[in-house]
Amino acid sequence: MAHWLFKSEPSAWSFAQQIEAGAKGTSWNGVRNHTAKLNMMAMKLGEQGFFYHSNEGKAVVGIVEIIKPYYPDPSDETSKFGMVDIRAIRPLPREVTLEAVKAEKRLATMALVTLSRLSVQPVTEAEWKIVCAMGGL
């Protein structure tokens with residue numbers, strides 16, 4: 001089972017709002033990057049990802065689950081992009097800051113470090129375990 005990382009500016013959509021959406025979750029729409037699109041196309045029902053607050057906070061703050069695989073994004077007038085639906089699973093007991101990720105040598109090749117602008121990223125199994133441990137899970 002693969003793991004992922006979803007980035008959102010908290011002023012646009014925060015993890016607290018994701019939690020408030022409840023079990024019905026929300027669509028992860030508005031992505032207009034082809035690499036992020038391919039990542040979402042690879043997602044399978046039940047896979048989990050980190051929820052990352054970008055720009056404001058710069059930290060992994062929670063865990064989400066894919067509840068609906070890739071489908072067309074109706075907000076895309078070009079019909080080239082799609083979205084997935086996610087729901088919040090739980091907040092991390094301790095936020096894992098970007099600074100902490102960069103300081104952890106075992107995470108030097110993590111997409112969060114090497115592809116900093118990519119909004120939807122893959123996370124390896126080893127990276128998943130390290131970040132979860134750093135976050136208190």
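## Glu56, a loop residue

Let's start with Glu56, which is partly exposed at a relative accessible area of 34%. (Buried means under 20% relative accessible area, exposed over 50%, and partly exposed in between, using a 1.4 Å probe and protein chains only.) This is a predicted model, in which local features need pLDDT of at least 70, side-chain atom pairs count only at pLDDT 80 or more, and totals for chains, interfaces and linings use all residues. Residues are numbered from 1 along each chain as its sequence is written, and side-chain values use heavy atoms, with hydrogens and water left out.

Where does Glu56 lie? You'll find Glu56 in the loop between S3 and S4. (Helices, H or I with at least four residues, and strands, E with at least two, are DSSP runs numbered from the N terminus.) Not counting residues up to four places away in sequence, Glu56 touches Glu9, Pro10 and Ser11, where contact means heavy atoms within 4.5 Å. With Ser11 there is also a polar contact of 2.8 Å, side chain to side chain. (A polar contact is a pair of N or O atoms within 3.5 Å; within protein, one must be able to donate a hydrogen and the other to accept it, and residues adjacent in sequence count only if both atoms are side-chain atoms.) As for Lys80, 24 residues from Glu56 along the chain, the two C-alpha atoms are separated by 29 Å.

## The overall picture

Now zoom out. The chain has 5 helices and 6 strands, and reading along the sequence gives the pattern β-α-β-α-β-β-β-α-α-β-α. The radius of gyration is 14 Å, close to the 14 Å that the globule rule gives for 137 residues, so the chain is as compact as a globular protein of that length. (That radius is taken over C-alpha atoms, and the globule rule is 2.2 Å times the number of residues to the power 0.38.) Those C-alpha atoms fill a box of roughly 40 × 30 × 30 Å along the principal axes.

How much of the chain counts as buried? The figure is 47% of the 137 residues. Take the contacts between residues at least 6 apart in sequence: 68% of them join residues at least 24 apart. On the outside, the chain exposes about 7100 Å², and carbon and sulfur atoms supply 54% of that.

## Two positive phi angles

Most residues other than glycine have a negative phi. Lys58 is not a glycine, yet its phi is positive, at about 45°. Like Glu56, Lys58 is in the loop between S3 and S4, and Lys58 is partly exposed, with a relative accessible area of 39%.

Ser79 also has a positive phi, near 60°, and is likewise a residue other than glycine. Ser79 sits in the loop between S4 and S5. Is Ser79 buried or exposed? Ser79 counts as exposed, at 66% relative accessibility.

## Asp73, tucked into a loop

Asp73 is placed in the loop between strand S4 (59-72) and strand S5 (82-97). Asp73 is buried, with a relative accessible area of 3%.

What does Asp73 contact, leaving aside its neighbours within four places in sequence? The list is Asn29, Gly30, Val31, Arg32, Phe81, Gly82 and Met83. There is also a polar contact of 2.7 Å between the side chains of Asp73 and Ser75.

## Leu112 in helix H4

Leu112 belongs to helix H4 (residues 111-114) and counts as buried at 2% relative accessibility. Not counting residues up to four places away in sequence, Leu112 touches Leu5, Lys7, Tyr52, Leu98, Val101 and Gln121. Lys102 is 10 residues from Leu112 along the chain, and their C-alpha atoms are separated by 8.9 Å.

## Helix H5

Which residues of helix H5 (residues 125-134) are buried? They are Glu127, Trp128, Ile130, Val131 and Cys132. The cover over the buried residues of H5 includes strand S1 (3-8), strand S3 (48-53), S4, S5 and strand S6 (120-123).

Ala126 is in H5 as well, but Ala126 is partly exposed, with a relative accessible area of 47%. The C-alpha atoms of Ala126 and Arg106 are separated by 8.7 Å, with their places 20 residues apart along the chain. Just after H5 comes Gly136, which takes a positive phi of about 90°.

Technical notes:
Accessible areas come from the Shrake-Rupley method with a 1.4 Å probe; for residues, only the protein chains shown count as cover.
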